[in-house]
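Here are my notes for anyone opening this one for the first time. Keep the structure up beside them and go through the points in order.

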Amino acid sequence: MGKAPNLWFKRFFCMWLPCLMLILIYYSLFAIHLSFCEEYKFDVSEIEKKPYHIGGYLEFYPILFGLDKTSALYKLNFYDRDKESTTEQYNGTLQLEASLEKGISKLYVKTYTNYLNSYQYETTKFKIFEGNLSVKPSSSWIFETGKKTMSWGKGYAWNPAAFLDRTKDPNDPELSREGFILASMDFTKSFAGGNLKTFSFTPVVIPAYSGVNDDFGEVGHLNFASKFYFLFHDTDIDFMLLTGGSRTTRYGIDLSKNILTNLEVHGECSLINGYKKTKVDSSGNTSQSTYNAFNYLVGLRYLSQKDTTFILEYYHNGTGYTPNEMRDYFSFIEKAYEIYNATGNPGMLNKATNFAQNIYGRANPGKNYLYLRILQKDPFDILYVTPAITMLANSDDKSFSLMPEIVYTGITNFEFRLRGGPIVGKSGSEYGEKQNDYRIDFRIRYYF
Amino acid sequence: MKKILIVLLMIFVAIPAYAIDAIQLLKEIDRNLNPESYELYRKLINIEPDGRKKEYVLFTAKKDKDKVAALFISPASDKGRSTLRLGDNMWLYIPNVGKPVRITSLQSVVGGIFNNSDIMQLDYSDEYDVEKFEDLKDQYLLYLKAKTKAVAYDRVNLWADKNTKTPVKIECQTEAGMLIKTLYFKEIKDFGDGIVRPSVIETDSPLYKGYKSIIIIAGIKKRTFSDEVFTLTFMPKMETLR
């Protein structure tokens, strides 16, 4: 994006967005005040359907990071900067959704515009997250083509069988993500009586060529995927497959069931044929191994009598790194940092940055993880307030992040979220070597 | 001895006859509230003790005894959310998340006094047995007991108007008899197609002192849907039913 639009976005997100949010909050509170005197009414206009729709949200999201000056990733990212103890990041996001419906066809577009101002970058990103045409000749048949997010899998924080999706951020698993360009079909059949209630078949074609899904995998291939869904014995079961050449062939299964009225259990696993794993030793030498990687996740969602929800998941990442392999990488950064301090040459640190961006920097690069989220709805009978606490832990090296939060949704179309917490771990552990000791963030969203 | 046997025989014959009448009455109340398969537009209003309120508009589709789907039309923050109930199975679809997630009947998708089973209510006669029946002056009082543990309220006391055979008041209780909420049915309205029923339902709860919830029904009509509408694949496409 050019300099002028970037300046425009900077002005909008830094100056106008906070002002706009305050005006909207004031207006919403004023509207609430007016509504005290209103009779309860329900106009037909409220349910009238228009052939088009435009909506989305506007978000202001500042973050404060408390830096861990002794950690490997701090040394990697801050070696040539002033030694600060905190750093801020400002995000402004506009997500727009638009649709146009005519007969059995529907056009849908979701765009994402983000302004980010951090110690490293000041950038404005514009992306089309989704943009597709769907045709629904009957409720059994749906044809779709264009850019789409498939969202396969049953896990909440991780989805090892989501072969056609970009990786979820376990710190914010409900964020929308960019899709891929594909063509798909859904065939669904329901059955009366018997143990099999529903069957669905979803074949997908996903091209990967220069300029089209070139970040999906190796370019120059037409890939095929499919999902078979069964609602059998009140259990959701999916079988998934991806083959084609851009990524190695992989198979997946997931299931989900309410075993009690307040207890749901789910599981998901995948087998990736011929997975190529690159690792680096403490001297910076790389090696590659090829093996069949088995990933799995087991989880539950429990609702207590006091309206407390517990989400617990255990994830085994067959493509991940053992604590020793992670330690080797952190040792390499430490060595590179020592060389830089002694010689002023950042060459080794640049090499380590490259590993961080492409290999070790992905969300959860370790082998085994535990996720626990506890939410309390309407505590002390206060409506629209939801406090929660989330723990994300590497169960091999016992390092973790703990994130208490509070969400308020009492003003129509506004959502306020404040959260913050420590990132804890020994030296050489995944979370212990993260750049930050803690983070505090505040998010205001206005939906329209 | 003969007399005792005759009396016993009369009692055994009388009990099932009374039970059948009460069950029949409950079925009649169900049918007066909704056709078995229908589409419905309603508004849910949560009112806080200081008078502030939050409104949700929903479109609901129901088929047969055990298939219900609901779609949030407004506010913008909830637009496109849909819920599906297939017997005891329930799912929630949030557009940003992009996939249906299994939920429980007790969980609340809107906050406040309403829970999922209020939004995806099946017929009372399908979920409850009539335990006791009283013939009052202008009303019938039915004491209902849940058939399974999957139901949100274990016990329900239902007062129905004798003329219209529609509910006037419903008390929802726990298994131990603790009152969870009371529903008051008001403003009988002719929705056409032979559907004459209360159009406003007010709810209060001792668990949320000072809070009140109101459901206003704007329209209800008989409609037949295909079974495939009530599937996970269709949840993101619920809007196309309108």
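1. Start in chain B, where strand β12 (residues 196-204) and β13(B) pair in the antiparallel sense over five bridges. To find the register, look for Val200(B), whose bridge partner in β13(B) is Ile216(B). Keep in mind throughout that this is a predicted model.

2. β13(B), which covers residues 212-222, also pairs with strand β1 (residues 38-47) of chain B. That pairing is antiparallel too, and it runs over 10 bridges. Leu40(B) is a handy marker here, standing opposite Ile220(B) in β13(B).

3. Now hop over to chain A. Strand β2 (residues 86-102) and strand β3 (residues 105-117) run antiparallel and are joined by 13 bridges. Ser99(A) has Tyr108(A) as its bridge partner in β3(A). What lies between β2(A) and β3(A)? Just two residues, making a hairpin, and Gly103(A) in the turn has a positive phi of about 60 degrees.

4. β3(A) goes on to strand β4 (residues 122-138) of chain A, again antiparallel and with 13 bridges. The hairpin joining β3(A) to β4(A) passes through four residues. Across this pairing, Thr113(A) stands opposite Phe126(A) in β4(A).

5. On to charges. How many salt bridges does a search of the whole structure find? The count over all chains is 51. One of them brings together the side chains of Glu144(A) and Lys148(A), at 3.6 Å from N to O. Are Glu144(A) and Lys148(A) buried or exposed? Both are buried.

6. Back in chain B, Lys165(B) forms a salt bridge with Glu28(B), with the closest N and O atoms 3.1 Å apart. Lys165(B) sits in the loop between β9 (155-161) and β10 (167-173), while Glu28(B) belongs to helix α1 (residues 2-33), so the pair ties together parts of chain B that are 137 residues apart in sequence. Lys165(B) counts as partly exposed because its relative accessibility is 22%, and Glu28(B), at 33%, is also partly exposed.

7. Another chain B pair is Lys65(B) with Asp126(B), whose closest N and O atoms are 3.9 Å apart. This one links distant parts of the chain, 61 residues apart: Lys65(B) is in the loop between β2 (53-63) and β3 (67-74), and Asp126(B) is in helix α3 (residues 124-127). Lys65(B) is partly exposed at 48% relative accessible area, and Asp126(B) is partly exposed at 25%.

8. Chain A also has a charged cluster worth picking out on screen. Asp172(A), Glu415(A), Arg417(A), Arg419(A), Arg439(A), Asp441(A) and Arg443(A) are joined into one network by salt bridges that share partners.

9. Last, a few backbone oddities. Most residues other than glycine have a negative phi, and most peptide bonds are trans. Against that background, check Asn213(A), which is not a glycine but has a positive phi of about 50 degrees. Asn213(A) is in the loop between β7 (196-208) and β8 (221-232) of chain A, and counts as buried because its relative accessibility is 7%.

10. Tyr384(A) is another non-glycine with a positive phi, about 70 degrees. Look for Tyr384(A) in the loop between β14 (368-376) and β15 (385-394) of chain A; at 4% relative accessibility, Tyr384(A) is buried. Over in chain B, the peptide bond from Ser74(B) to Pro75(B) is cis, with omega near 5 degrees. Pro75(B) lies in the loop between β3 and β4 (82-86) of that chain.

Definitions and conventions:
Residues are numbered from 1 along each chain as its sequence is written. Chains are lettered from A and ligands numbered from 1 in the order in which they are written. This is a predicted model: local features need pLDDT of at least 70, side-chain atom pairs count only at pLDDT 80 or more; totals for chains, interfaces and linings use all residues. Side-chain values use heavy atoms; hydrogens and water are left out. A salt bridge is a side-chain nitrogen of Lys or Arg within 4 Å of a carboxyl oxygen of Asp or Glu. Buried means under 20% relative accessible area, exposed over 50%, partly exposed in between (1.4 Å probe, protein chains only). Two strands pair if DSSP finds at least two bridges between them.
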